[in-house]
Amino acid sequence: MRKKVKKKSDERNLTIVEHLSELRKRLIYSSIVLIVAVMGFYNFAEIIVKNIINIAPEINFVFIAPAELLLSYVKIAVIGGLVISAPFLILQIWMFISPGLKKGEKRAIAVSLFVGGIFFVAGIVFSYMVVLPIMLQFFMGFQITDIEEMISFSNYLSFVVNTLLSFGFVFELPILMVILTKFRILKVSFLKKNRKYIILIIFVVAAILTPPDIITQMLLAFPMLLLFEVGIIFSTIVEKSNKKEKELVQEQEQEQEQEKEKEQEQEE
């Protein structure tokens, strides 16, 4: 008995070691690809800077610290490297967690990741093309003759990056709703019942994520409301598929029980 217990504990230790070695391998691959992507994207940092400046051609930017512009280039390189290497990084995460998932869960997460990437890019493009020009025009309208603007490029870059990422992550709302529904954490009936409270939360989140002006808040809140309704539609489809899967599992269990009963009757 003791020998059997030892063998079982050794097998468990081996599986834990295998998981840790697999995680270590994925982290090494991800780190190498990320570093290469950041170093490669640094060569395009100046082009990105010029494009960002072109959004607001009427502003004369300055840098107020010796290393400010260099650190801005590094920040752009890191963000760009993350974006470029994101598919590979997500693939490594997927290869690590997928063995512990069921077929239906694998399919749902894979589709969600793909569609989520599209929504994230759509949010960034919408923010860059529509929201940022309106926001900058609105803020620059507050100039007076007695105060001359002196905008640091580092602060401007942080403002642009935060705005782009805010809209990118907000556009992930339908995908988040689908995943929570797939894993039976969230129900469509709950979303429909509490729609008015969720709408209030959306406006509060829009007020927190955006600067304190009503125009920018509306530009974020209205897409969030639309995405919420889209998420309800997608979640309804997923919930129906969950019910079908549950019914199939119950039928299979009933068939197995019937087969066991038949086998017991034959043995008797």
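**Briefing: salt bridges, a helix crossing and a surface patch**

Ile215 lies in helix H9, and in this predicted model Ile215 counts as partly exposed, because its relative accessibility is 36%. Ile215 is also one of the residues that form a nonpolar patch on the surface. Beyond this patch, the briefing covers the salt bridges, of which a search of the whole structure finds four, the crossing of helices H2 and H5, and the surroundings of Ser152 in strand S2.

**The nonpolar surface patch**

- The patch is formed by Val121, Val125, Met129, Val130, Ile134, Ile214 and Ile215, which together have about 590 Å² of accessible area.
- Two elements, helix H4 (103-140) and helix H9 (214-267), each give two or more residues to this nonpolar patch, and the largest share, five residues, comes from H4.
- Membership in a patch requires over 30% relative accessible area, and Ile215, at 36%, is counted as partly exposed.

**Salt bridges within helix H1**

- The side chains of Glu22 and Lys25 meet in a salt bridge with an N to O distance of 3.6 Å, and both residues lie in helix H1 (residues 2-42), three residues apart, which corresponds to about one turn of the helix.
- The side chain of Glu22 also meets that of Arg26 in a salt bridge, here with an N to O distance of 2.6 Å; because Arg26 and Glu22 are four residues apart in helix H1, about one helical turn separates them.
- Glu22 is partly exposed, with a relative accessible area of 21%, and Lys25 is likewise partly exposed, with a value of 33%, whereas Arg26, at 11% relative accessibility, counts as buried, since buried means under 20%.

**A salt bridge between helices H8 and H9**

- Arg195 forms a salt bridge with Glu229, and the closest N and O atoms of this pair are 3.1 Å apart.
- This pair links distant parts of the chain, as Arg195 belongs to helix H8 (residues 195-209) and Glu229 to helix H9, with their positions 34 residues apart in the numbering.
- Both partners are partly exposed: Arg195 has a relative accessible area of 28%, and Glu229 has one of 31%.
- In helix H1, by contrast, salt bridges that share partners join Glu22, Lys25 and Arg26 into one network.

**The crossing of helices H2 and H5**

- The axes of helix H2 (residues 45-55) and helix H5 (residues 153-170) come within 11 Å and cross at roughly 85°, which means that H2 is roughly perpendicular to H5.
- From H2, the residues Val49, Ile52, Ile53 and Ile55 take part in the contact, and they meet Phe153, Tyr156, Leu157 and Val160 of H5.

**Ser152 in strand S2**

- Ser152 lies in strand S2, which covers residues 151-152, and Ser152 counts as buried because its relative accessibility is 6%.
- When residues up to four places away in sequence are left out, Ser152 touches Val62, Ile64 and Glu68.

How values were computed
Residues are numbered from 1 along each chain as its sequence is written. This is a predicted model: local features need pLDDT of at least 70, side-chain atom pairs count only at pLDDT 80 or more; totals for chains, interfaces and linings use all residues. Side-chain values use heavy atoms; hydrogens and water are left out. Patches are made of residues with over 30% relative accessible area and no salt bridge: like charges are joined within 9 Å, nonpolar side chains (Val, Leu, Ile, Met, Phe, Trp, Tyr) within 5 Å. Accessible areas come from the Shrake-Rupley method with a 1.4 Å probe; for residues, only the protein chains shown count as cover. Buried means under 20% relative accessible area, exposed over 50%, partly exposed in between (1.4 Å probe, protein chains only). Axes are lines fitted to C-alpha atoms, for helices over the stretch in contact, and angles run from 0 to 180 degrees between N-to-C directions. Angles under 35 degrees count as roughly parallel, over 145 as roughly antiparallel, 65 to 115 as roughly perpendicular and the rest as oblique. Contact means heavy atoms within 4.5 Å.
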